[in-house]
Amino acid sequence: MHVKEGEVCTLLGRNGAGKTTTLRCIAGARPPDVRDGRIRFRDDDITAAPTEDISSMGIGLVPEERRIFPNLSVEENLHLADVARNWSNSVRRSVTMGEGGMTTEEVYEEFPRLEERADQRAGTLSGGEQQMLAIARALKQHTDLLMLDEPYEGLAPQIIRSVESAIQRIADSGKTILLVEQNAVAAMNIADRAYVLDQGEVVFAGGAEELRADEETREQYLGV
Amino acid sequence: MSLFADLLGVFLNGLQAGAIYILVAMGLSIILGTLKFVNFAHGALYLIGAYAGLLIANEVRLSNGLLQQYGYETVGLDLGFLAALILVPVFVFVIGLLMERYLARAFYDRPDIDQILVTFGLAIIAQEAFRVLFGGQSINFARPGWARGPVMLPAIGNFPRWRLAVIAITAVLVLLVYLLVEYTDFGLIVRAGTRDPEMVELLGIKLTRPYIVMFAIGAALAGVAGVVGAPLENVNPSIGMETLVPAFLVVVIGGVGSIRGAVVGGVLVGMVYAILVGAPLASIPVIGGAISWSAWSQVGIYALAALILLLRPEGLFGSEEVS
Amino acid sequence: TQDGNGGGNGGGNGGGDGEDYPSLGNFPIEGDTATFGFNVPTSGPYSSEGEDELRAYKLAVKHLNNGGGWVDDFGDLSGDGVLGYEIDFVEGDTATDADTARESASRMVQRDNVIMFSGGSSSATAIAQQGLAQSQKVLFMCCLTHSNDTTGKDCVRYSFREMFNAYMTGQALAPVVTGEYGDDLSFYQLYADYSWGQTQQESMKQFFEEAGWSQVDSVATPLGESDYQSYLSEAANSGAEALFLNHYGLDGANSLQQAIEAGLDQNMEIVMPLYNRPMAQAAGGAIEGIFGTIAWDSQIDNEPSNSFTQFFGDEYNGRVPSGPAQLAYAQTLQYAAAAERAGTFYPPEVIRQLEDYEYDNIGMGQETMRKCDHQAQRDIPVVRGLPESEQGQGQFFELVNVTSRDDVGYACDEGPAAECELGEYGDE
Amino acid sequence: MALLELDGLVKEFGGLVATDDVNFDVEQGERVSIIGPNGAGKSTLINLITRRLEPTRGDIRFKGESILGKKPHEVVQRGISKSFQTASIFPELSVRENAEIAALAAEHGAFRFNFLRHRDRYPAVQDRTRETLEAVGLHGQRDVTAEDLPYGDKRRLEIGIALASEPDLLLMDEPTAGMSPDETSDTVELIERVKEELGLTFILVEHDMEVIFSISDRILVLNRGEIIADGTPSQVQNNAAVQEAYLGGVEL
Amino acid sequence: MADEVGTSTEQGFGDEGLYERWLAIKDNELTVAVITIVAVAIFPWLFADAPFLGDFLQGYRGLASLILIWGIFAIGFDLLLGYTGLLSFGHAAFWGGGAYVAGIFSAEVSGLPLLVVLAGTVFAVLFAWVLGFLSLRRGGIYFSILTLAFAQMLYYMAAAPLSSFTNGENGFTSVNVEPLFGAIDLGAHVFWPASILLGEMLYVFIAAFFVLAVMGAYRILNSPYGIVLNAIRENEQRAEFVGLNVWRYKLMAFIISGAFAGVAGSLFTIHGNYVPLQSLYWTESGEIVIITVLGGAGSLFGPILGAGLYLYVANVVSGFGTIGTLWHLILGIIFVGVIWLFPRGIWGIVSDVRDLIGDRMGGDR
Ligand SMILES: Nc1ncnc2c1ncn2[C@@H]1O[C@H](COP(=O)(O)OP(=O)(O)OP(=O)(O)O)[C@@H](O)[C@H]1O
Ligand SMILES: Nc1ncnc2c1ncn2[C@@H]1O[C@H](COP(=O)(O)OP(=O)(O)OP(=O)(O)O)[C@@H](O)[C@H]1O
Ligand SMILES: [Mg+2]
Ligand SMILES: [Mg+2]
């Protein structure tokens with residue numbers, strides 16, 4: 001499996017197909033289980049790199065269930081991304097972090113809702129707001145590759161639409177996006193290319209159009 | 001003596017009694033809240049702080065123990081009390097670093113019970129090591145004039161100068177730690193890590209160093225407590241454990257991980273104690289007078305803890321998720 | 001009747017005593033070595049005291065076997081063992097804890113078959129050990145224990161106490177202290193809330209009120225308290241002119257130190273009824289000018305005291321012996337002398353020799369070991385703490401007075417003795 | 001009378017409404033499946049029925065009697081058993097002991113004062129243990145430590161534990177999650193067999209449509225805490241709302 | 001003695017050899033009883049008087065009794081820690097509380113030994129019930145600290161407010177033990193020649209309780225409770241969801257372990273004729289934790305081994321010159337080492353070695 005620079009790629013499959021696991025492997029979370037295979041990012045082998053280094057190299061993950069810090073305020077949640085950029089993790093650092101992503105102002109422009117809630121504790125935000133915060137946080141990082149794990153999960157239709165357009169805009173700005181979704185139709189709206197996963201194996205790889213045309217795969221693996 | 005002055009006196013006594021517990025409990029609580037590490041050896045850090053302070057400040061004559069047997073009748077650097085106050089926190093901070101690196105880290109993933117047991121064992125080792133080296137006797141922690149004797153306070157009368165200083169030092173340290181945790185990037189990372197360490201790493205921050213530093217800060221607080229608290233009593237090998245038990249009560253009363261909780265818990269314990277000992281109860285006709293409530297002062301502290309835990313199991317300022 | 005026998009070493013009368021006594025406790029002794037047990041705290045809060053006791057015990061054994069020291073002056077002792085037996089000893093650590101002390105003592109009795117054991121340092125450990133002594137029928141010679149109960153409520157036939165008690169401390173202190181500070185002061189007492197502290201404060205109240213002082217209040221502090229500040233502020237606010245700190249050991253060092261720290265000495269006269277050396281050491285400069293009583297002191301000027309200070313110092317390169325050391329040494333020799341007088345180690349006979357024994361050979365004047373409660377009637381040294389600058393070399397006190405035994409003490413139906421029931425000799 | 005009745009059940013987590021006014025009945029002998037997107041509130045619903053969660057509003061009746069205010073173990077004793085989403089077993093005990101615990105709870109009730117009687121003196125417990133293990137096909141591995149079993153067998157053991165108490169109603173939360181196709185079909189077979197043999201009533205939460213359609217009489221579709229469809233498999237399959245919310249039809 | 005409790009239900013005697021035959025009978029209740037009785041009967045002689053061994057060990061009979069007493073305490077504690085997974089730091093309350101009540105009962109009501117033990121045990125049971133009721137509302141570290149707090153409360157009560165009953169720091173000295181059944185003096189020797197092995201009646205009295213305790217614990221572990229408690233330790237939530245009233249089982253485990261502590265505490269009073277205030281202090285709770293973990297929590301024999309080892313070191317090794325003064329330190333280091341490297345304790349190491357040898361002997365079983 002590979003993702004090209006600048007494209008929007010989507011990873012589809014049923015529950016438990018292994019989508020989240022794939023993203024987590026890339027991000028380096030709980031990586032020692034990777035038994036076979038390599039993960040390369042821009043020619044660097046990151047299979048065994050520590051989580052924090054992978055993040056520093058420009059791979060951002062918006063994980064399932066959002067994982068914002070409920071005990072911190074919205075502002076603090078966003079600030080943490082800035083802190084992360086300037087934080088030196090070891091005395092002799094092998095990876096240097098590039099320029100940051102968006103500033104807080106830019107993020108607030110993107111999601112005006114968050115500015116209104118700047119001082120609210122993130123745990124008390126609505127689901128949609130939390131999702132925005134999670135995406136905003138990833139945008140603030142220096143991310144070349146943004147990985148989104150079911151970003152529409154639990155969101156109301158109009159919020160989905162605004163999240164969707166945010167993703168679209170990010171994609172347009174030249175960032176690479178890897179989107180994981182159960183909802184194949186929604187994903188294919190913005191994807192250039194798609195992979196379909198089942199029981200941990202890639203069963204389909206190709207352009208979004210191609211998948212749309214492939215009744216059988218859709219029927220069998222996506223239930224559509 | 002007016003009732004007001006009386007109450008003021010009791011308040012001050014309660015505050016000073018609680019101050020040392022606050023310092024010890026704050027470190028204990030931070031370590032338990034952020035690192036989820038149960039440290040029964042925290043009292044040993046108090047002990048180390050006390051002995052280190054004693055040996056830095058004074059020259060001490062030993063009358064038994066292994067050192068004395070091997071000819072070291074007097075030990076200590078004799079650099080003065082001020083030097084001790086400055087050097088001890090640094091020294092115990094370093095011990096905290098080592099403890100995190102070589103002990104706690106190996107036990108983060110093991111059950112609570114193992115953490116309790118291994119640190120309990122360590123506390124015994126520390127206590128016995130001091131007993132073996134310096135003997136079991138209590139050593140007087142002599143101080144220079146400016147840290148000794150009484151000051152005259154309006155309304156209250158004579159009050160030990162050093163106890164007043166301990167209250168002030170505690171207040172300053174509480175404030176510093178509070179600012180550090182609430183208003184610095186470091187504090188932000190630690191607070192975030194408390195809830196979701198993996199996500200912090202996904203953002204690109206390795207938590208190893210913030211954790212080790214946080215642990216060492218907690219340790220240093222216990223060390224400070226040792227060097228400022230021991231002069232109020234005497235230095236002997238069992239003071240560590242004796243301080244730990246009430247400090248744990250303060251932590252659970254206040255709520256794990258909460259600085260505010262440690263402060264309120266410590267003050268509460270100090271106040272209950274001072275009230276049971278002091279005048280207010282005795283001057284109330286029905287319950288005072290005939291019965292000496294002072295005999296109940298220790299019982300009162302434990303009863304308070306039990307009561308609060310039963311009514312509010314997560315402690316006064318604790319959040320439910322921690323346990 | 002009860003017949004405690006350790007080690008199951010059965011055996012009839014035998015022994016080398018040449019007398020026909022049944023076997024009882026660890027009597028008769030097998031072989032030709034009699035073993036003593038010395039059970040002192042070498043860890044815990046009174047360990048420096050215990051170490052000094054141990055030095056004196058070892059010296060006593062050495063002198064009993066080879067002559068020297070007071071052995072040469074005691075008419076009953078030969079300096080060639082006791083009753084032809086060579087004396088050996090075992091030691092144990094009480095850790096200043098009654099439970100440990102008792103276990104250690106029972107090891108001495110059962111495993112090492114000691115014919116006598118001695119020790120103490122803390123009334124709780126002494127009382128625990130003498131209970132064992134009575135049930136095992138092995139003699140216990142108390143060393144440092146000051147509670148009225150040791151020879152009062154908890155007294156036993158198989159134990160003797162040379163040390164005085166809280167009651168006698170009150171009697172000895174009252175004249176000296178009232179002489180110094182005047183005879184119409186009001187006083188406030190803090191006391192440790194257990195039997196020693198309770199009896200101590202009762203005795204202080206009794207004898208100081210008899211001397212014309214009046215008590216404002218007497219407040220108990222829990223055992224093991226380390227922060228007396230709250231109690232002391234109450235005392236300071238009470239308006240009393242004197243403060244008695246009936247605390248002992250570490251508690252005493254803490255309460256005295258904290259009283260000085262809080263400036264109580266500026267407005268009140270402080271009295272510490274019972275001192276000991278580790279206490280003084282831990283309290284440091286705080287003891288300056290504070291009155292109290294003490295078991296024995298090297299400054300007492302008479303022949304036995306001077307020679308004890310001399311030969312103890314010779315043995316342990318110049319060290320000045322403490323009061324407990326003198327008690328330890330004296331008690332060991334007293335036992336040996338009694339056995340010689342009895343002509344046997346058979347405990348009931350040795351006990352009878354010790355009961356109502358009159359002596360003046362241990363530096364505390366003319367004494368009687370009373371039969372009714374096994375309490376020595378003797379003089380009591382009253383001391384005053386030295387300033388920190390003059391402390392050192394084992395000296396912490398200035399000797400103010402040695403109160404004569406005629407001015408202290410009580411009849412067999414009075415005071416603590418009224419509660420004493422000694423129990424059986426074991427040969428009834 | 002319905003075996004299980006849910007009446008206006010609401011569960012809120014802070015501001016989030018996890019189940020929103022859920023009403024449905026389950027008849028004796030019925031096999032009901034609950035489907036719905038992630039976070040729809042399926043597990044929450046199951047947890048409400050097993051009394052692991054306290055509802056914000058509403059009532060749950062089992063055999064005509066409200067079970068609100070009952071402890072989880074009391075609900076189990078009344079005949080509601082649950083198989084967990086992730087294999088929840090007693091890892092350091094043997095397979096046989098795992099089953100025996102459930103058998104004990106079934107034979108002896110929630111608590112009994114029998115700590116001085118040997119376990120072997122209860123033949124009924126032993127029999128039930130053996131029957132349970134045979135039913136899930138683990139009798140041959142009875143002396144293996146549970147944590148050493150392969151994942152699929154652990155799930156089977158987990159189901160076995162739930163079955164040992166001979167429940168009237170069995171709740172299953174994603175019983176085939178994490179299983180390979182073979183293991184999944186084995187499990188389906190197991191469920192089929194149990195269904196035949198014991199005539200159980202059960203409620204199943206699953207994402208695997210094959211499993212759902214092959215073994216349920218009735219399907220409930222949950223979306224954002226609300227029931228959006230309730231009917232036979234074919235009815236549900238053709239339901240537009242379901243297509244939209246879950247099966248993936250049209251984008252919102 | 002049997003530590004792997006109740007692993008075999010179907011027993012068959014084969015002729016394959018001694019080892020198999022041993023395996024077949026070793027978990028039989030009668031076997032356990034016989035082995036325990038024999039071990040207890042020869043223990044004091046081996047420990048104190050046996051030629052060479054007794055001299056080498058330097059044991060003594062009083063210590064043998066004390067080891068059995070602490071052994072009873074440790075067995076009970078292990079039911080809670082090893083089998084139920086609850087770490088109590090407050091068991092001094094039952095040990096010391098039982099000891100005090102036994103002492104006071106003997107002085108005020110009756111000195112008949114069985115009644116004295118009964119009184120101490122009843123108190124421990126009732127107190128464990130109350131304390132368990134309050135402490136078991138919380139798990140993990142909170143449970144440990146709650147039990148510690150309640151036990152300390154009892155200590156301070158005994159030290160000051162209740163000192164008129166307990167005699168405060170001096171300890172309770174008025175213990176009055178009468179002859180057993182009014183006829184058999186506990187201080188007297190048993191009839192010859194049994195006295196060579198057993199010594200005094202007191203030892204027989206204590207040993208009888210010890211055998212009962214081992215058998216009782218063995219019964220409990222092989223009863224439904226054994227497996228239920230294990231289940232609670234392993235996965236408390238699942239145990240609740242198979243329909244077990246976890247809370248009541250935990251409370252029962254706490255009470256049962258309190259009862260063992262009460263029996264042990266009462267015997268301690270009879271053994272020593274004295275109750276030290278120290279018996280209520282938290283260090284006593286710490287000691288039983290060390291004993292149990294060191295010996296091997298989660299096995300029947302481990303804690304007994306731990307009790308023997310700990311008391312031996314504390315009372316005998318502590319007298320050996322320089323090493324003696326270091327005994328506490330060394331024990332602390334060993335304790336930390338055991339938790340770090342061998343969480344199953346010394347008995348865990350022993351049984352691993354034994355299994356290894358067993359595998360060799362028994363072939364591919
Ligand atoms: N820690 C774990 N232990 C055991 N199995 C796991 C673990 N994590 C994931 N799995 C299993 O691995 C498989 C793949 O899981 P994954 O979360 O990657 O699926 P997914 O495609 O993201 O599903 P969803 O759509 O529900 O998010 C699942 O069957 C899951 O149950
Ligand atoms: N303890 C809790 N505290 C707060 N929110 C919770 C809690 N448990 C569940 N939720 C929320 O309630 C909603 C419903 O969760 P639930 O687990 O019932 O979903 P589900 O339908 O089982 O999903 P899945 O198919 O992924 O298992 C989710 O948004 C979840 O985040
Ligand atoms: Mg996923
Ligand atoms: Mg679910």
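User: Let's say contact means heavy atoms within 4.5 Å. In this predicted model, how many residues does the contact between chain B and chain E take from chain E?

Analyst: Both chains have a share in this contact, so let's go one side at a time, using the cut-off of 4.5 Å between heavy atoms. Chain B puts in 41 residues. For chain E the number is 39 residues.

User: How much area do chain B and chain E bury between them, and what part of it is on carbon and sulfur atoms?

Analyst: Here we look at the area the two chains bury, rather than at residue counts. Chain B and chain E bury about 3,600 Å² between them. The part of it on carbon and sulfur atoms is 84%.

User: Which residues of chain B lose the most area to chain E?

Analyst: Three residues stand out on that side, and together they make up 16% of what it buries. They are Leu117(B), Tyr302(B) and Leu310(B).

User: How many salt bridges and how many residue pairs in polar contact are there between chain B and chain E?

Analyst: Take the two counts in turn. For salt bridges between chain B and chain E, the count is zero. For residue pairs in polar contact, with both residues at pLDDT 80 or more, the count is three.

User: Which helix gives the most to the side of chain B that touches chain E?

Analyst: Four helices of chain B each supply at least two residues there: α4 (81-107), α5 (112-134), α10 (239-254) and α13 (297-311). The one that gives the most has 14 residues on that side, and it's α5(B).

User: How many residues on that side of chain B are nonpolar, polar and charged?

Analyst: Let's sort the side of chain B that touches chain E by class, starting with the charged residues: there are six. Polar residues number three. The nonpolar ones number 32.

User: Of the six pairs of chains in contact, which share the most contacts?

Analyst: Some pairs drop out straight away. No contact joins chain A and chain C, with their closest C-alpha atoms 39 Å apart, and no contact joins chain C and chain D either, where that distance is 34 Å. Of the six pairs that are in contact, the one that shares the most contacts is chains D and E.

User: Which residues of chain E lose the most area to chain D?

Analyst: The contact takes 42 residues from chain D and 35 residues from chain E. Chain E and chain D bury about 3,300 Å² between them, and carbon and sulfur atoms give 61% of that. On the chain E side, three residues together make up 23% of what is buried: Ile227(E), Arg238(E) and Phe241(E).

User: Which residues meet in the salt bridge between chain E and chain D?

Analyst: There is one salt bridge to look for between these two chains. Its N to O distance is 3.3 Å, and a salt bridge needs such a pair within 4 Å. The side chains that meet are those of Glu158(D) and Arg238(E).

User: Which helix gives the most to the side of chain E that touches chain D?

Analyst: Across this interface there are 14 residue pairs in polar contact, both at pLDDT 80 or more. On the chain E side, α10 (201-222), α11 (224-234), α12 (236-241) and α13 (246-272) each supply at least two residues. The one that gives the most supplies nine residues, and it's α11(E).

User: Is the disulfide between Cys155(C) and Cys420(C) right-handed or left-handed?

Analyst: Their sulfur atoms are 2.0 Å apart, so they pass the cut-off of 2.5 Å for a disulfide. Cys155(C) is buried at 5% relative accessible area, and Cys420(C) counts as buried at 13%. The torsion about the S-S bond is about 100 degrees, so this disulfide is right-handed.

User: And what about Cys372(C) and Cys412(C): is that disulfide right-handed or left-handed?

Analyst: The sulfur atoms of Cys372(C) and Cys412(C) are 1.9 Å apart. Cys372(C) counts as partly exposed at 26% relative accessibility, and Cys412(C) is partly exposed at 36%. The torsion is about -80 degrees, so this disulfide is left-handed.

User: Why doesn't Cys142(C) bond to the closest cysteine sulfur?

Analyst: Cys142(C) counts as buried, at 0% relative accessibility. The closest cysteine sulfur is in Cys143(C), and it's too far for a bond, because the distance is 8.7 Å.

Definitions and conventions: Residues are numbered from 1 along each chain as its sequence is written. Chains are lettered from A and ligands numbered from 1 in the order in which they are written. This is a predicted model: local features need pLDDT of at least 70, side-chain atom pairs count only at pLDDT 80 or more; totals for chains, interfaces and linings use all residues. Side-chain values use heavy atoms; hydrogens and water are left out. Buried area is the accessible area (1.4 Å probe) that two parts lose on being put together, summed over both. A polar contact is a pair of N or O atoms within 3.5 Å; within protein, one must be able to donate a hydrogen and the other to accept it, and residues adjacent in sequence count only if both atoms are side-chain atoms. Ala, Val, Leu, Ile, Met, Phe, Trp, Tyr, Cys and Pro count as nonpolar, Asp, Glu, Lys and Arg as charged, and the others, Gly among them, as polar. Buried means under 20% relative accessible area, exposed over 50%, partly exposed in between (1.4 Å probe, protein chains only).
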